[in-house]
Amino acid sequence: METNDATQDRVRARDEAMRLLNRLTTGAAVSAVLGVGLFGAVSAYTIPGTKTTSATASASTTSTSSSSTSTSTSSGLQSSTTPVTGSSSSGVAVSGGS
Amino acid sequence: MSNTLLWYTTRGAGAVSLVLLSAVVVLGILSVLRVQSTSWPRFLTAGLHRNLALMTLVFLALHIITAVVDPFTHLGWLTAVVPFSSYYRTFWLGLGTIAFELLLAIVLTSLVRGFVGQFAWRLVHWLAYASWPIAVVHGAGTGTDAWSAWLFTLQAICVVAVLAAIGYRFIAGNRDPLATARSSFQAAVDRREPK
Amino acid sequence: MTRQLELSVDRIKCDGRGLCAEILPEMIRLDSWGYPIITPGPVPDHLMGLAQRAVDDCPVLAIALRRAETRSAGRAQGAPKEKER
Amino acid sequence: MSAPQLLAGPNPSMGPERFAAHVRRLGPAPKGGPALIDLLVRTELTGRGGAGFPVGLKWRAVAGASRGSAVVVVNGAEGEPHSKKDRLLMTSRPHLILDGAFLAAATVRAKQVVLYIGEGHHAALRSMTEAVAERTDHERRLVRIATAPARYVAGDSSATVHLVDAGIATPTTNPPPPRERGVGGAATLVQNVETLAHVALIARTGAATGTVLITVAGAVRSPGVFEVNIGTPLGEAVQLAGGPSEPARAVLLGGYFGRWIESADAWSLPIDPIALRAGSLSLGCGVIGVLPARQCPVCEVAGIMRYLASESSAQCGPCFFGLRALADACTRIAERGTDPGDLQRLQRWSGEVHGRGACKHPDGAVMFLHSAMQTFGDDFAHHPAHLRRSA
């Protein structure tokens, strides 16, 4: 026959596992809700999309790219004299290479 | 603006549903394999399997509703019910409808298992092995960004996890300790007329 | 009439998954081979929820809550159960 | 009345009594009906298949649930290894059995009578088949013959139903018992062949037959089947078989689900199904096995436990694993000598197995072991190692 203590131990283990089940379920639910947001956002950023309504996404992409453009422009300003010759010389080099 | 939100929610909920569904399949297989430890009793696997399955339905509902009400695609409610009825990405959306309906059948029969009986319930439950791959293919084919790195990675993780579980189940074989003895005894006392 | 419910196991369906004993250790323990031994008698009210859960969670539908049978005349008098050999 | 009743008439070894001779000797069978149930209750006839269930009560239950569609299963599986009495009856008095079966069919308003006969019992099968052919068109149409695999559990009432229904002779979950829900879902009367033969005589005379068929086996000079008066001392029955062929140690009463009794206590026991039950013994299927003193009881018990374990249909875990564990522990004691741990395990496992099968196979085996350990307590407690088991 099983002792009362052993039963009590199993009751405790059961209660603990029940709590764990609830925590895991809640955790999964919260993660899933966050996941919808996260995956939605990620999908929004990764592709421009073919839809007209994805204008916001395009706009934000544009704004990022425009800022990067501005930096490149600023850096380009400094070396604005070299590009013409540089590009032409590299162009020769390329054509010469092929 | 709100249309955009719908579109992203559709995709976000779809990705989450895939992850949840894969977790449900893996938990189901672990449950059959009687996986347990001192701090992880078997009812925990079963309970999580059931809870996540119900949760999957919730996020699938979100996935489907946001897709249907999105004015851009003009899907209409019929698409959610009748496979291959959509003009938009007919084939890939049709797969999604089928996967959803199979899953619905699995969950509904599980909720009334006592009524449908163990045998019928088991038969329907085997459809999980159809529903899950169809859902994966639907996800791979439908997402505009199907082969973008993030979705691909997510799908790869799900596929590997489920395939590993299936492989484990295949190798482990029947975990009913009586199965062999029972079937050999039954074979010995089987006097059915050969038809 | 009191609605007293008892746990009963279909021994042929049962394949020793053991979930019931994990969920309701107060009334179910496992034998040396992993098959449930049920404490006889009605399920007390405070354990009814867990008992129902043990029934619902059985993967092979082998355990059930049954109305405690008013014993048939034959059995109450200790008459043998039917068995032909 | 005095023996013989069932075996009165021509010598049973002369083969089946033909229908004409049967009617000439006993007259035609009366009609069945509710009055017969009352008669069976009054005469306190008990089932002779092993469980000893009161026949009248069982018929009343089936008649009550029948609605004209009941089924009567005539149980001639006789899977008990030492029992021979059912076969003897089937091969010598087939029409007595059929009379009983048709009386039962009329009384419980059955639409079918199934003759369930052990497939190895060729003579019995032939005898019963030929006997059916001698009956009226109406009776012949009622009858169906099914053969039972030669396995111990094939004689369980739910296994007979399962074979008739699904072709597989394994027990099924009970409740509901076959008398409520049996063949094709109909109320089903599963009755041993000897029981039905008694009914055929009781219906004719209106009085109890007062006899019982027994099979005397083991260490006796001429083992065989005998019909004795109820109340005959067991020792007298053994004398009918020529008496013990050598000094006897104990008697196994009631077959493999029976009880062991030290021979000194056994000879005076009355062979009486109801009186034995009051002493928590059972006539069971009527097998009286005599164990000689030179044979080791522990080894004998271990062998029978192994047999019973191998006859579990492996449907219920406690029965399959429990009986195997018990048989293994007995075998260890028999082969390697007593180990206190094994004795404790036998006690514990017996408790865990009893009452935990769909059918009564585990209970029967555990009760057999329990009785063996009571009767042969000293032998189990001090068994030497490496004692070879005599064949």
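**A chat about chain D, chain C and their contacts**

Visitor: Leaving aside its neighbours within four places in sequence, what is Pro12(D) in contact with?

Guide: Once the neighbours within four places in sequence are left aside, Pro12(D) is in contact with Leu7(D), Leu88(D) and Ser92(D), where contact means heavy atoms within 4.5 Å. This is a predicted model, in which local features need pLDDT of at least 70 and side-chain atom pairs count only at pLDDT 80 or more, while totals for chains, interfaces and linings use all residues. Residues are numbered from 1 along each chain as its sequence is written, chains are lettered from A and ligands numbered from 1 in the order in which they are written, and side-chain values use heavy atoms, with hydrogens and water left out.

Visitor: And where does Pro12(D) lie?

Guide: Pro12(D) lies in the segment before α1 (19–26) of chain D; helices (H or I, at least four residues) and strands (E, at least two) are DSSP runs, numbered from the N terminus. The C-alpha atoms of Pro12(D) and Leu89(D) are separated by 8.0 Å, although these residues are 77 apart along the chain.

Visitor: How many helices and strands does chain D have?

Guide: Chain D has 17 helices and 11 strands. Its radius of gyration is 21 Å, close to the 21 Å that the globule rule gives for 391 residues, so chain D is as compact as a globular protein of that length; the radius is taken over C-alpha atoms, and the rule is 2.2 Å times the number of residues to the power 0.38. The C-alpha trace of chain D spans about 65 × 45 × 35 Å along its principal axes.

Visitor: What share of chain D counts as buried?

Guide: Of its 391 residues, 61% count as buried, that is, under 20% relative accessible area, with exposed being over 50% and partly exposed in between (1.4 Å probe, protein chains only). Among contacts in chain D between residues at least 6 apart in sequence, 72% join residues at least 24 apart.

Visitor: Changing topic, how many residues does the contact of chain C and chain D take from each?

Guide: That contact takes 16 residues from chain C and 39 residues from chain D. The area buried between them is about 2600 Å², of which carbon and sulfur atoms give 53%; buried area is the accessible area (1.4 Å probe) that two parts lose on being put together, summed over both.

Visitor: Which side chains meet in a salt bridge there?

Guide: Those of Asp31(C) and Arg356(D) do, at 2.8 Å, N to O, a salt bridge being a side-chain nitrogen of Lys or Arg within 4 Å of a carboxyl oxygen of Asp or Glu. The rule finds one salt bridge across the interface of chain C and chain D.

Visitor: What about chain C and chain B, what area is buried there?

Guide: About 1400 Å² is buried between chain C and chain B, of which carbon and sulfur atoms give 42%. In chain C, Arg17(C), Glu22(C) and Leu61(C) lose the most area to chain B, together 40% of what that side buries. The contact takes 18 residues from chain C and 18 residues from chain B.

Visitor: How many salt bridges does the rule find across that one?

Guide: The rule finds three across the interface of chain C and chain B, and one of these pairs the side chains of Arg50(B) and Asp57(C) at 2.8 Å, N to O.

Visitor: Which residues of helix α2 of chain C are buried?

Guide: In helix α2 (residues 48–57) of chain C, the buried residues are Leu50(C), Ala51(C), Ala54(C), Val55(C) and Asp57(C). The buried residues of α2(C) pack against several elements, including α1 (4–46) of chain A and α2 (42–69) of chain B.
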